[in-house]
Amino acid sequence: MDLIHPQVQAYAEKYTSPDEPLLREICDHTLANHPHAGMLSGHLQGKWLQMVSWMLRPRRILEIGTFTGYSGLCLAAGLTEDGLLHTIDIREEETGTAAAYFARSAFGHKIRVHTGDAREIIPALDEQWDLVFIDADKTGYIEYFNLVFPRLRQNGFILADNVFFHGDVLEEPVKGKSGKAIRDFNEYILGRNDLEKMMLTLRDGLYLLRKI
Ligand SMILES: C[S@@+](CC[C@H](N)C(=O)[O-])C[C@H]1O[C@@H](n2cnc3c(N)ncnc32)[C@H](O)[C@@H]1O
């Protein structure tokens, strides 16, 4: 399902600042070589992540789902001088690729890459989060949310990606285990009264949550 009309997408891309050369390189290389390149956030969402980071000037960011490093590099843009981004991926191949890109960026010294299951790594990180980006396996979203929420500072933000899951959440009955997991996550979030919520119709849907 085309969630965004291609003409609207192209128009928005045209009037958005282009990616910096390293982001462009990650994107091009991933598209040319990775069988699941569609997982990469891409230009518009990447710019949104950068803008959010610049707006918040966070000290601690957690990213769940590093992939080839594109979104992590975007999120790191607005970190404070003493800021750190922790990013987790279960696949060593991805964290190796991402770490090599991070090392070439201006933010390399502010990024900590963790390889392993986010369910095990998140509890071991002794941090208080200003911003969390949830973008790993969809069946884990509720668990990831519950692992990070106690350590999210008041007025801290969570962004959760793919909350339309390619439009599957609109189907009745909902298709596939990831589509179902995302719908369950969206319902779960809707039912909580300790969050301010906004679902952004950007790319595949981004849930923006503020801890009240
Ligand atoms: C959608 S991709 C992330 C895309 C990336 N954030 C970006 O925008 O470029 C999801 C990533 O989550 C990772 N992943 C899946 N299950 C995971 C788990 N249990 N713990 C950590 N990472 C996981 C996958 O290996 C994959 O690289």
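Let's start inside: F145 has 0% relative accessibility, so this residue counts as buried (under 20% relative accessible area, with exposed meaning over 50% and partly exposed in between, using a 1.4 Å probe and protein chains only). Before going on, keep in mind that this is a predicted model, where local features need pLDDT of at least 70, side-chain atom pairs count only at pLDDT 80 or more, and totals for chains, interfaces and linings use all residues. Residues are numbered from 1 along each chain as its sequence is written, and side-chain values use heavy atoms, leaving out hydrogens and water.

Now for the rings. A pair of aromatic rings is described by the distance of the centres and the angle of the planes. Searching the whole structure turns up 4 aromatic pairs (rings of Phe, Tyr and Trp, the last by its six-membered ring, with centres within 6.5 Å; planes under 30 degrees apart are stacked, over 60 edge-to-face, the rest tilted). One of them joins Y11 and Y15, a tilted pair with 4.8 Å between centres and 45° between planes. Y11 and Y15 are both exposed.

Back to F145: its ring centre is 6.1 Å from that of Y188 and the planes stand at 80°, so this pair is edge-to-face. F145 belongs to helix 7 (residues 141-148) and Y188 to helix 8 (residues 177-190), so the pair ties together parts 43 residues apart in sequence. Y188, at 28% relative accessibility, counts as partly exposed.

F149 joins F145 and Y188 in one aromatic cluster. The charged end of R192 sits over the F149 ring, 4.7 Å from its centre (CZ of Arg or NZ of Lys must be within 6 Å of the ring centre and within 35 degrees of the ring normal). K211 also lies over the face of F149, 4.3 Å from the ring centre.

Key. Helices (H or I, at least four residues) and strands (E, at least two) are DSSP runs, numbered from the N terminus.
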